[in-house]
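Please open the structure in your viewer and keep the selection tool at hand. The tour goes from one selection to the next, and at each stop it says what is there.

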Number of protein chains: 2
Amino acid sequence: MADDEAPVKEKHAEELFKEFREVSVTEFFRKNRAHLGYSGQLRSLTTVVHELVTNSLDACEEAGILPELQFEIRQLGQEHYKFKARDNGPGIPVKHIPKVFATMLAGTKFHRHVQLRGQQGIGVSGVTLFSQMTTGQPITVRSCTGDNKVHEVKLLVDVTKNSAEMVESKEYSGYWRGTEVEGELKGVAYNTSERGPYEYLRRTAIANPFAEITFIDPEGRKTVFKRTSTKVPKPPTEMKPHPKGLAVDDLLNYAKGTDARHVGSFLSTTFARVSSAKANELQKLVTFDLNKNPRKLTWAEAEEIVKAFDKMDFMAPSSEGLRPIGEEQIKKAVLSILKPEFEVVIARSPKVFSGGVPFQIEVALAYGGNAGRPVSGDIQEGGAISKAEIMRFANSTPLLFDASGCALTKSVNSVDWKRYGVKDFENSPMTIFVNLISMYVPYTSAGKQSVAEEEEIIKEIKMALMDAGRKFQIYHSRMRREFEKEAKMNTLMKYSTELAPALSKLTDKDEKKILKDLTHLVKEKLRIEALEEELEDETEEAADTTFKEEKE
Amino acid sequence: MADDEAPVKEKHAEELFKEFREVSVTEFFRKNRAHLGYSGQLRSLTTVVHELVTNSLDACEEAGILPELQFEIRQLGQEHYKFKARDNGPGIPVKHIPKVFATMLAGTKFHRHVQLRGQQGIGVSGVTLFSQMTTGQPITVRSCTGDNKVHEVKLLVDVTKNSAEMVESKEYSGYWRGTEVEGELKGVAYNTSERGPYEYLRRTAIANPFAEITFIDPEGRKTVFKRTSTKVPKPPTEMKPHPKGLAVDDLLNYAKGTDARHVGSFLSTTFARVSSAKANELQKLVTFDLNKNPRKLTWAEAEEIVKAFDKMDFMAPSSEGLRPIGEEQIKKAVLSILKPEFEVVIARSPKVFSGGVPFQIEVALAYGGNAGRPVSGDIQEGGAISKAEIMRFANSTPLLFDASGCALTKSVNSVDWKRYGVKDFENSPMTIFVNLISMYVPYTSAGKQSVAEEEEIIKEIKMALMDAGRKFQIYHSRMRREFEKEAKMNTLMKYSTELAPALSKLTDKDEKKILKDLTHLVKEKLRIEALEEELEDETEEAADTTFKEEKE
């Protein structure tokens, strides 16, 4: 900058505000596509798979249908692909198709307290937007609700209006029920890396054992991830928020929408675990009459309720409404995929995080076998060829991106693994599996790949992992002892074999008899040692279960 | 789950879609406050400071006013604070106040191609929302555009309507110009950590040397970050997008809004570096007539243009419109704060990333002195007490959170620091300063603390850091040699002092004369060695500048 340039002239506010404008949420995401996960060629493609698959699984589960999904990716040119997603779900009533696929912040999930994969009503419209932004082409939706009328709709997004621009709409008859979405994408790339569509679908299959998922890759290869369970998953049910951790603003928001006539009945109908006995207990802790109209609650009164709730004891949230993958299913999946030397699955009981939101944690730890992430390239010093791998899931949906900022990753890394006999966690052949189950997952962005650092969530994951760590430690030290015992046995037996002929000569007794006696002695000694050690282990384990929490 | 429970009954689509609803963008962010940076007690408070300060700085700069900001935080109770932000900016016309502070996706910045800190029209409304969500209280805005009429407005957000709910509005006379925002927050915490408000303001002062920032902390302590430059920064000017890296969708979007009659004139008026000569060149590369109406461009034609642009050569984007902090200012700031042994500032020339967006990178590397992040607690083996620190900025705004997922962090960590004589980068007393300047920063979420991984941005940062690394290496190896030379000199001088009397006796010459000669010899030898090494350095440097890029 030259120093002689003209001095800056001040501008008046009125002049500056001439440019004031409002934009639609679609315009916002069109400009900020990275917020939705559309950054990078591979990630963009995986995001499309993710949005359509989670939507299909949610639809099937809500309708009580055993999901059958098919996803096909075809390459049309350089960085140019076509996708086709098909499900056997309930279908979408034709009048809702445009909003589902082209209006952001519209859907059936946002305002309900149910555990579903989707929660915002943004994702599928994001697919339409991204397809349109990169190819100018509409997406094609075919859907039938089972009435033999298939509706086929081609639509674009009207970005400024956040609504659909219908390109074509037709109806024909067909015996089918489900939804099929087809579209083109440019500026994306397919590969088989651990962040690609294949791995996304594989992990989805692991966490959703009741779903049958067929994938046809750009080379035409067909992979069927067969279901390992034919039990229709329990449809999501409404979960009442829990009184613990409730925010004043939330309480007032609920109060605004209630039909109850009194605060007392509002509280017991709106929140879980608030019985009329609890309402009576509450009455003693607040300064106003709980017979008051809930729609007239003031901020100060609501604050009194929240503070009183925090002091009171409530039963933990019920597990009803929360749908974990299940210990047995996780074990089955871990065993079949990782074939580990050791595995343990821990499921915690439901807890609550801020806003009274119930959640639950499932973790698994697998060691040895195919556990861990194979390191390509140089074999490390010390012979390690696997690095620890963290498989993150939220409501059974794999999270493949933004690992470093995620509360799940941070929880795993906050565990002092050395305590559990893992000398170098980073470089150990270990897979840690974490599933966060909740009716509301506090993602850090609309792309939903990373969970915000809620204290209670981090704590619960840590507790589960510490539990798994203790179980691993016991296994690990037993294995070490087995190994040491075998070495000891070998040494002692070697001595015995050498000693036997000498003793035979000295004592003039049968060498074979002496060797037999010596062998017996050695085995007996080792057996007693083992018994003693097992006893020790049991005492340790007993001590362990009384040990409730570890300080950071 | 008991096995005898009733089988799941299928539900029809119509039943499922009864719950279909649209929500406002404010409802969306109310539910997903973490997207805006409202997660964690400290982060939430820093986010409030960030939103108000960036808004004030943008307003002052746009109006051509030397900014004077005051930020006060007072503690009212446990996790309960009051904030007051005041600036000497242009003020806000009263009719715009409600939209500025209570309507999301409304503002003067979203659609303009200017380099500003804010870009989405979400941030300040987010402050109102967060304040209301945690305290139920409205924020108070006082503003005067310099007409002696101060408008004082108290407002809340009507969440379902994404608009203001006016609580109070008054007008009084006063000789003042600027804006003041006051509000209460709960569930937040103040501390002086490197992610707190103090550090946020300190870094803001570093990167905005023309701003005078006064901070009053909850203990009543007043800190004035004085301006080190009184030059009014150049107001942001419109930057035309660059033809390189342009997306088809963007091109068509621009074409929709143009007044130009022909594609040729549309291109040269809309894009930078597209002269009429370039338009003629383009005509030869496309199959249609550029005299066509730009509003009638088809996707295929637009695609032809984009492909042709990619093949053509264009001048790099102009630096006009991009407002770096400046080498001198960064140096001044780095020296005054870090007092390093060595520092280097590298500013790259403007480049373009996807969508034709011009950007520019400034980096600084400081070593020794107070550089690096002091490590509290144990002193590490090897004596290291500082860890490398990365100070990230986007358009002179400090980024304090979400470091691990940020392209700026990733770029720094992708440099092979060993090449430049930094044996253990993580544990070295080094501060790396990176500022990304652009009319559009591709943040990963609405919280704007982390930049998405745009290839070109990562590459540019890496190039700048490699350049800085080479300069550091030369300094570092010289320092090492100085150190080695001194050690050598000391040894040789010790021998000389011992040798001199012996030689004196043997040769019967004056001991002092002999010592003088020996000293001269030693010095001469070291001088020649040094000369040779310098020559070597210069050759290395010359070789270095021809070395354009390093493979990963």
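Two strands are said to pair if DSSP finds at least two bridges between them. With that in mind, and remembering that this is a predicted model, select strand S1 (residues 21-22) of chain A together with strand S4 (106-107) of chain B. These two strands pair in the antiparallel sense over 2 bridges, and within S4(B) you will find B:Ala106 as the bridge partner of A:Glu22.

Next, widen the selection to the contact between the chains, where 57 residues of chain B are in contact with 57 residues of chain A. Among the elements that each supply at least two residues to the side of chain B that touches chain A are helix H1 (13-16), helix H3 (41-63) and helix H5 (123-135) of chain B. The largest share of that side, 3 residues, comes from H1(B). If you colour this side of chain B by class, it has 25 nonpolar, 19 polar and 13 charged residues.

Now show chain A by itself, which has 14 helices and 18 strands. Its radius of gyration is 30 Å, well over the 24 Å that the globule rule gives for 552 residues, so chain A is more spread out than a compact globule. Along the principal axes, the C-alpha atoms of chain A fill a box of roughly 115 × 75 × 70 Å.

To divide chain A into parts, colour it by its domain assignment, which gives domain 1 (25-225), domain 2 (248-311), domain 3 (327-461) and domain 4 (475-546). The centres of domain 3 and domain 4 of chain A, taken over C-alpha atoms, are separated by 39 Å.

Then select strand S18 (residues 430-438) of chain A, where 9 of the 9 residues are buried, so the strand is largely enclosed by the rest of the structure. Which residues cover the two faces of S18(A)? On one side are A:Met430, A:Ile432, A:Val434, A:Leu436 and A:Ser438, and on the other are A:Thr431, A:Phe433, A:Asn435 and A:Ile437, all of them buried.

Add the partners of this strand to the view. Strand S13 (residues 357-367) of chain A runs antiparallel to S18(A) and is joined to it by 9 bridges, with A:Phe433 as the bridge partner of A:Ala364. Strand S16 (residues 389-394) of chain A pairs with S18(A) in the parallel sense over 6 bridges, and here A:Ile390 stands opposite A:Ile432.

Finish at helix H8 (residues 263-270) of chain A, whose buried residues include A:Phe266 and A:Leu267. The buried residues of H8(A) pack against helix H7 (248-256) and helix H9 (276-285) of chain A.

Definitions and conventions: Residues numbered from 1 in each chain as written. Chains lettered and ligands numbered in written order. Predicted model: local features only at pLDDT ≥ 70, side-chain atom pairs only at ≥ 80, totals over all residues. Buried ≥ 20, exposed ≤ 12 C-beta atoms within 10 Å, placed from the backbone. Helix = DSSP H or I, 4+ residues; strand = E, 2+ residues; numbered from the N terminus. Contact = placed C-beta atoms within 7 Å. Nonpolar A, V, L, I, M, F, W, Y, C, P; charged D, E, K, R; others polar. Domains from an automatic or database assignment. Rg over C-alpha atoms; globule rule 2.2 N^0.38 Å.
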